[in-house]
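This report looks at metal sites, charged pairs and surface features, taken in turn. Please keep the sequence and the structure at hand while reading.

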Amino acid sequence: MSPRSAIFALLALLILVSVLPVQAGERVCQQCGGVIEGARVEVDGVCYHPDHFTCAYCRRPITGGYTMFDGLAYHTNCYERNIALRCAHCGDIINGEYLVDHWGNAYHPRHQRDATQCKYCGRYISDHLTWGGETYRDGRHICGLCVETAVSYDSEAAEVMDEVAAFLAEIGIVVDQSQIDLHLIDLVQMQSKFGKQSHNLRGYVDYREKSTFFGAIKESKTDVYLLTGMPRLHAVATLAHELTHVWQYKHGQMENDPTFSEGSCNYAAFLVLLNYPGEETEYVVESLLADEDPVYGDGFRRVMTYAESVGTQNWLARLGENDKLPSGY
Ligand SMILES: [Zn+2]
Ligand SMILES: [Zn+2]
Ligand SMILES: [Zn+2]
Ligand SMILES: [Zn+2]
Ligand SMILES: [Zn+2]
């Protein structure tokens, strides 16, 4: 055969093959492309050999009921057990819109109204997701995961303060703990004692100096108040914040511009949190960074930009000597 007739024969064969199976009245299986003779399954106008209509999960033929999801067919059982999105709060299947928390849990939107959210991690409290939870006498809701590490006793709080003071000292923020009295108080006490002065009602520093007749400082007394029952990492962040205030006061910076002062305390807390790597820390840091408050949030972001450009030592030098961020930050 000459090359030319070989090409012709090939073309003829191709045309024959493509024409042959499709004849009027015949149906083609969507799955295998073969002609269907006899029984067939028809789904949304598409035909299959009965055993070629299969479940996208287990690959076995579908004979009874099925569920379509994302354009694929599943045995209803396979879908419900393996594919369907389930609510992390009630365990039921989610159809339609849903909420997702920081941890990737999906919830029915109605739980915004009928469920209780943990104040410290944002999860909706339930037996299987959070091992239940508690409501403190001051009204705070905390989930079973967060309550595991809650700092509720003086001895625990003192331990956390030791740890935080050591991490702060590594940065260059050295405070003398022997001059500090630490007090755990609940939200009601925090509100009535310090109200809006306290840092998000989580902590407060009461620093007092007694001067001699000639003006020299005779003694200073520092009381640090910590909201009781917070998960350990939140207590760490709060104490790092408050101890940085103590350091500023000791340097005579009593009247710092709040943006510089609070922003620096949050930045110090952020640096301390870096010693506790993990998902929980990321969550705490993300909420610090996302804080829209013009003092705590903006202040933190501005101080961070400043400290990262001039270095930790220069930031601290400025914090101990000046009451404002330099212009441009
Ligand atoms: Zn087929
Ligand atoms: Zn299946
Ligand atoms: Zn639900
Ligand atoms: Zn929680
Ligand atoms: Zn503060």
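Is R40 buried, partly exposed or exposed? With a relative accessibility of 38%, R40 counts as partly exposed, and this value, like every other in this report, is computed from a predicted model.

## Salt bridges

The side chain of R40 meets that of E42 in a salt bridge, with 3.3 Å from N to O. E42 counts as partly exposed as well, because its relative accessibility is 44%. As a general point, side chains of opposite charge can pair when their charged atoms come close. With a side-chain nitrogen of Lys or Arg within 4 Å of a carboxyl oxygen of Asp or Glu as the criterion, the count comes to nine salt bridges.

Another of these joins the side chains of R110 and D114, where the N to O distance is 3.7 Å. R110 is partly exposed, its relative accessible area being 36%, and D114, at 48% relative accessibility, also counts as partly exposed.

A further salt bridge, of 3.2 Å from N to O, is formed by the side chains of D223 and R208. D223 belongs to strand 13 (residues 217–227) and R208 to strand 12 (residues 203–211), so this pair ties together parts of the chain that are 15 residues apart in sequence. D223 is buried, with a relative accessible area of 5%, whereas R208 counts as partly exposed at 36% relative accessibility. Through salt bridges that share partners, D181, D206, R208, K221 and D223 are joined into one network.

## Zinc sites

The donor residues and distances of three zinc ions are set out below.

| Ion | Donors | Distance | Spacing in sequence |
|---|---|---|---|
| zinc ion (ligand 3) | C87 (SG), C90 (SG), H108 (ND1), H111 (NE2) | 2.0 to 2.3 Å | C-x2-C-x17-H-x2-H |
| zinc ion (ligand 4) | C118 (SG), C121 (SG), C143 (SG), C146 (SG) | 2.3 Å | C-x2-C-x21-C-x2-C |
| zinc ion (ligand 5) | H241 (NE2), H245 (NE2), E262 (OE) | 1.9 to 2.1 Å | H-x3-H-x16-E |

At the zinc ion (ligand 3), the angles among the four donor atoms run from 101 to 120°, and the site is tetrahedral. Two of its donors, C87 and H108, link distant parts of the chain: C87 sits in the loop between helix 2 (76–83) and strand 7, and H108 in the loop between strand 8 (106–107) and helix 3 (111–114), 21 residues apart. C87 counts as buried at 3% relative accessibility, and H108 counts as buried at 9%.

What arrangement do the four donor atoms make around the zinc ion (ligand 4)? They subtend angles of 107 to 113°, and therefore the arrangement is tetrahedral. Among the residues that supply these donors, C118 is buried, with a relative accessible area of 3%, and C121 counts as buried at 1% relative accessibility.

The zinc ion (ligand 5) is coordinated by H241, H245 and E262. H241 and H245 both lie in helix 8, four residues apart, which is about one turn of the helix, and both of these histidines are buried. Helix 8, the location of H241, covers residues 232–250. For H241 the relative accessibility is 0%, and the residue therefore counts as buried. Besides donating its NE2 atom to the zinc ion (ligand 5), H241 makes a polar contact of 2.8 Å with N266, side chain to side chain.

## A nonpolar surface patch

Which residues make a nonpolar surface patch of about 270 Å²? The patch is made by L85, Y98 and V100. V100 has its place in strand 7 (residues 99–100), and because its relative accessibility is 52%, V100 counts as exposed. Strand 7 also appears in the description of the zinc ion (ligand 3), since the loop that holds its donor C87 runs between helix 2 and this strand.

Notes
Residues numbered from 1 in each chain as written. Chains lettered and ligands numbered in written order. Predicted model: local features only at pLDDT ≥ 70, side-chain atom pairs only at ≥ 80, totals over all residues. Heavy atoms only, no water. Buried < 20%, exposed > 50% of the residue type's maximum accessible area, 1.4 Å probe, protein only. Polar contact = N/O pair within 3.5 Å; in protein donor to acceptor, adjacent residues only side chain to side chain. Patch = residues over 30% accessible without salt bridge, like charges linked within 9 Å, V, L, I, M, F, W, Y side chains within 5 Å. Areas by Shrake-Rupley, 256 points an atom, 1.4 Å probe, with all protein chains shown as cover. Donors = N, O, S within 2.8 Å, 3.2 Å for Na, K, Ca; no water. Tetrahedral: all angles 85-135°; square planar, octahedral: opposite > 155°, others 65-115°.
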